[in-house]
Amino acid sequence: MAFGIKRKELTAWKERVSRGEIAYLTHFWIDPRFPGVKSVTKVGCADLERLEEWCRAHGLNPLYIHRREPFPHFDLLGEKQKEILQHEGLTEHIRRFHL
């Protein structure tokens, strides 16, 4: 279950993904498969080659990309989520979602 994002943020993310840009969308998220995880960052890009390169550059396996058209994305969780958000300068995501 996703919550904590505004429609405007989701629309902007979808637009950036569709343009082939790497786009980040963090939201609160609860899934019983991941106890203790309270948020997820979706890193999306319609250019799958670019998204695969992004994964490799961050030490992530591109096999875990959700190849769902029209918004393919990689889900970041836990410590790796915070580490990458810090690396990308997305401190507002960290603050807002209490990472």
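Biologist: In what pattern do the strands and helices follow each other along the sequence?

Modeller: Read the chain from its start and note each element as it comes. In this predicted model, that reading gives β-α-β-β-α-β-α-α. The tally is four helices and four strands.

Biologist: And how compact is the protein for its length?

Modeller: Set the radius of gyration beside what the globule rule gives. Here the radius of gyration is 13 Å, close to the rule's 13 Å for 99 residues, so the protein is as compact as a globular protein of that length. The C-alpha atoms fit a box of roughly 30 × 30 × 30 Å along the principal axes.

Biologist: What share of the residues is buried?

Modeller: Buried means under 20% relative accessible area. By that cut-off, 36% of the 99 residues count as buried. Looking from the outside, the protein exposes about 6200 Å², with carbon and sulfur atoms supplying 55% of that area.

Biologist: How do I read the contacts along the chain?

Modeller: Take the contacts between residues at least 6 apart in sequence, then ask what part of them joins residues at least 24 apart. For this protein that part is 54%.

Biologist: How many charged side chains are there of each sign?

Modeller: There are 17 positive and 14 negative ones, and the centres of the two sets lie 6 Å apart.

Biologist: Can we look at one helix?

Modeller: Sure, compare its span with the expected one. Helix H1, residues 7–18, has twelve residues and reaches 16 Å from first C-alpha to last, close to the 16 Å expected at 1.5 Å a residue. Just after H1 comes glycine 20, with a positive phi of about 85°.

Conventions: Residues are numbered from 1 along each chain as its sequence is written. This is a predicted model: local features need pLDDT of at least 70, side-chain atom pairs count only at pLDDT 80 or more; totals for chains, interfaces and linings use all residues. Side-chain values use heavy atoms; hydrogens and water are left out. Helices (H or I, at least four residues) and strands (E, at least two) are DSSP runs, numbered from the N terminus. The radius of gyration is taken over C-alpha atoms; the globule rule is 2.2 Å times the number of residues to the power 0.38. Buried means under 20% relative accessible area, exposed over 50%, partly exposed in between (1.4 Å probe, protein chains only). Contact means heavy atoms within 4.5 Å. Accessible areas come from the Shrake-Rupley method with a 1.4 Å probe; for residues, only the protein chains shown count as cover. Lys and Arg count as positive and Asp and Glu as negative; His and the chain ends are not counted. The place of a charge is taken as NZ of Lys, CZ of Arg, CG of Asp or CD of Glu. The expected span of a helix is 1.5 Å times one less than its number of residues.
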